[in-house]
Amino acid sequence: MARRSGRIVWVDLIRAISIICICMIHMQGVVYQDGRIKAACYFSVSLMLIITGYVTYKSNENRSLGEAYMHAFARVLEILVLYVLASVLYILYHERQLTVGLFWKHIRDFSASGPFYYFAFYLQYLLIGPLLVKLVKICSGKNGSNWLNAMWFGLIVVIATLCVQYSRLGNIFAGGNMLFGGTHLIMFYLGILLAGTESRFSKVLKHMLVRVLLTVLTVGWGYAYINGYLPFDGWLEKLWYEGVNPPGLSLMVLATLVMLTGMAWFRDVNNRTGLLSPITWIGQNTLFIFMFHILVMEILLDRAWIEDRMGLWWMKVLFAVVVVAGCVLAETAYKRLKGLIRR
């Protein structure tokens, strides 16, 4: 597997695609109008969760359970601090004031910004991740089997379905209002499972026929989903609702196909020339994009000079680039500052 400076290059590439698509969902009406483009990006959150599960396994596979939880608790604390600070910025920008009531409402409901519902279950995943990694390691070890992994995956599907049906956490948007994010949990666990069993199928992905087949399946499934040809979400509506957030079978399959296709084509990419660095740079700094891209969009659109020119194609391109690059630069600065403080 190709790495660069301790990073997994292909994972950063796929994560960059995912976060750009998440931004594109929220740019409808600004950068584009066609609802099919928005629908084509719906898989992005599910894909991000598969990647999150994959990275969770890779970062914890050589740690003891105690070490994994020390790391997880530190990450939870960091995310909570950043979440509170980001919420305050959104509240101040939208309300032009900050009261205890406003603060508590937005913090409790993860509602300061549209994407913040994600943190309601992401924080839960940070806490259960080490246990799920240990489970997959045991099932995939010398005494494990594919049947054990299949059994536990089936149990996760049952748990996620029960969470969709019977758990409510308050007034949080969509999947954030369900314990473990409802069916989002399936995607997170699938990422852990893919990482834990990667050695068993990685050679298969190198065959050109498999790569082409996965590409055709991904494009075909995506086309069918965008145009409403897939009946599965209608069949499973009583279990998983409309199948968008939390995701239904159609989106889960599409996200999985994108992940496998990315693994097949990019797993051995090493980026020695640095040509992929602008994309991998985005993939390495997705947190601030997720947290702040809507705020940056709103600030830019409040400028009359920009809003008056959003009908021009070059302004749309420039707008999207500035939104993403601005958030990436902010996170890069944050990481460097954090590194200086640690030293």
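**Figure 1. Proline 246 sits in the loop between helix H12 (237-240) and H13.** Welcome to this predicted model, which we enter at a bend in the backbone's usual habits. The peptide bond that leads from asparagine 245 into proline 246 is cis, and its omega is near 10 degrees. For context, most peptide bonds are trans. If you are tracing the chain by eye, helix H13 itself covers residues 249-266.

**Figure 2. Helices H3 and H13 meet at an angle of roughly 55 degrees.** Here we follow H13 to one of its partners. The axis of helix H3 (residues 43-60) comes within 8 Å of the axis of helix H13 (residues 249-266). Their crossing angle makes H3 oblique to H13, and the crossing is right-handed. On the H3 side, the contact is made by Phe43, Ser46, Leu47, Ile50, Ile51 and Tyr54. H13 answers with Leu251, Leu254, Ala255, Thr256, Val258 and Met259. Sorted by class, the residues in this contact are 10 nonpolar and two polar, with no charged ones.

**Figure 3. Threonine 218 of helix H10 touches four residues, Leu254, Leu257, Val258 and Thr261.** Threonine 218 belongs to helix H10, which runs over residues 208-226. Its relative accessible area is 13%, so threonine 218 counts as buried. The contacts named in the title leave aside neighbours within four places in sequence. Two names may look familiar from the previous view: Leu254 and Val258 also take part in the contact of H13 with H3.

**Figure 4. Asparagine 271 has a positive phi in the loop between H13 and helix H14 (277-284).** Phi is about 55 degrees here, although asparagine 271 is not a glycine. As a reminder, most residues other than glycine have a negative phi. Is asparagine 271 buried or exposed? Its relative accessibility is 4%, so asparagine 271 counts as buried.

**Figure 5. Alanine 174 also has a positive phi, near 50 degrees.** This residue is found in the loop between helix H7 (146-166) and helix H8 (184-196). Alanine 174 is a residue other than glycine. With a relative accessible area of 22%, alanine 174 is partly exposed, whereas asparagine 271 in the previous view is buried.

**Figure 6. Valine 76 of helix H4 is in contact with three leucines, Leu123, Leu126 and Leu127.** Helix H4 spans residues 65-95, and valine 76 lies within it. Which residues does valine 76 contact, leaving aside its neighbours within four places in sequence? They are the leucines named in the title. Valine 76 is buried, because its relative accessible area of 13% is under the 20% cut-off. If you would like a ruler for the scene, try cysteine 139: it is 63 residues along the chain from valine 76, and their C-alpha atoms are separated by 27 Å.

**Figure 7. Stepping back, the protein chain holds 17 helices and two strands.** This last panel places the close-ups in their setting. Along the principal axes, the C-alpha atoms fill a box of roughly 60 × 50 × 40 Å. The radius of gyration is 20 Å, which agrees with the value near 20 Å for a compact globule of 343 residues. Buried residues account for 50% of the chain's 343 residues. How many of the contacts between residues at least 6 apart in sequence join residues at least 24 apart? The share is 74%.

Conventions: Residues numbered from 1 in each chain as written. Predicted model: local features only at pLDDT ≥ 70, side-chain atom pairs only at ≥ 80, totals over all residues. Heavy atoms only, no water. Axes fitted to C-alpha atoms, helices over the stretch in contact; angles between N-to-C directions. Helix = DSSP H or I, 4+ residues; strand = E, 2+ residues; numbered from the N terminus. Parallel < 35°, antiparallel > 145°, perpendicular 65-115°, else oblique. Left-handed = near helix turned anticlockwise from the far one by under 90°. Contact = heavy atoms within 4.5 Å. Nonpolar A, V, L, I, M, F, W, Y, C, P; charged D, E, K, R; others polar. Rg over C-alpha atoms; globule rule 2.2 N^0.38 Å. Buried < 20%, exposed > 50% of the residue type's maximum accessible area, 1.4 Å probe, protein only.
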